[in-house]
Amino acid sequence: MTIPATRPATPLRALQTTVGAVMGGLVVLAVLLGGVVLGLHGYPPTWVPWVLGALALVAHVLCTVVGYRAPAVAPTTPAREAAVAGRMAFQQSTFVRLAICEAVGVVGIALAFAVTPRTGMTVVVGVVLSLALLLLHVWPGARVLGRVERSLDRDGGRSYLTDTMHGREPGQNGALLS
């Protein structure tokens, strides 16, 4: 019996696993709190979804305005140094955006216990909005990666962020890091 070869873990895959775990945790909380603990009977007061929606809008604006900012890489920075700095900046900005987006779900959970009638529908609304924001602003895919890379490279330096996050040597046209 042969064991199939697996691809080496890349920094991007590790970050996707972490973000996926956070998203999965929100889904589990929504199911447990919404379906089991509180139940999905009844609806929250009308102002609750409006507050959660407004909070989601604020989170979206915050992520758009400040969530993708990263210190620019100087044009004279050596490739390896720039690649490490770019990867660290990407990871840091990812966790900042994650905290901002996840706050909507956390507030939804808190409101579910603080507002009468206590219903899991409040949790569901908060978690759904939070998951949408996480997919849009946090999931480390090509769009998010490109946006942070443009921020890093804005002063003419090269961060090699895409190469580094995919486990390739910076500037070596696809050579894998060992």
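Is Asp 163 buried or exposed in this structure? At 17% relative accessibility, Asp 163 counts as buried, a label for residues under 20% relative accessible area, with exposed meaning over 50% and partly exposed in between (1.4 Å probe, protein chains only). The model described here is predicted, so local features need pLDDT of at least 70 and side-chain atom pairs count only at pLDDT 80 or more, while totals for chains, interfaces and linings use all residues. Residues are numbered from 1 along each chain as its sequence is written, and side-chain values use heavy atoms, with hydrogens and water left out.

Asp 163 is a good place to begin with charged pairs. Its side chain meets that of Arg 168 in a salt bridge (3.3 Å, N to O), the term for a side-chain nitrogen of Lys or Arg within 4 Å of a carboxyl oxygen of Asp or Glu. Arg 168 is partly exposed, at 23% relative accessibility. A search of the whole structure finds two salt bridges; Arg 80 and Glu 169 also form one, at 2.7 Å from N to O. Because Arg 80 lies in helix α3 (residues 79–114) and Glu 169 in the segment after α6 (161–165), this pair ties together parts that are 89 residues apart in sequence. Helices here are DSSP runs (H or I, at least four residues), numbered from the N terminus. Arg 80 is exposed at 52% relative accessibility, whereas Glu 169 is buried at 17%.

Turning to the interior, the largest nonpolar core has 21 residues, and those touching the most other members are Cys 101, Val 123, Val 127, Leu 131, Leu 133, Leu 134 and Val 138. Such a core is a set of buried Ala, Val, Leu, Ile, Met, Phe, Trp, Tyr and Cys residues joined through side-chain atoms within 4.5 Å. Helices α1 (11–37), α2, α3 and α4 (120–137) each supply at least two residues of this core, and α3 gives the most, with six residues. A second, separate core of 14 residues includes Val 144, Leu 145, Leu 161 and Met 165.

Ser 151 belongs to helix α5 (residues 142–152) and is buried, with a relative accessible area of 13%. A polar atom of the Ser 151 side chain lies 3.5 Å from the backbone oxygen of Tyr 68. Apart from neighbours within four places in sequence, Ser 151 is in contact (heavy atoms within 4.5 Å) with Tyr 68, Arg 69, Ala 70 and Ala 72.

Definitions and conventions:
Polar contact = N/O pair within 3.5 Å; in protein donor to acceptor, adjacent residues only side chain to side chain.
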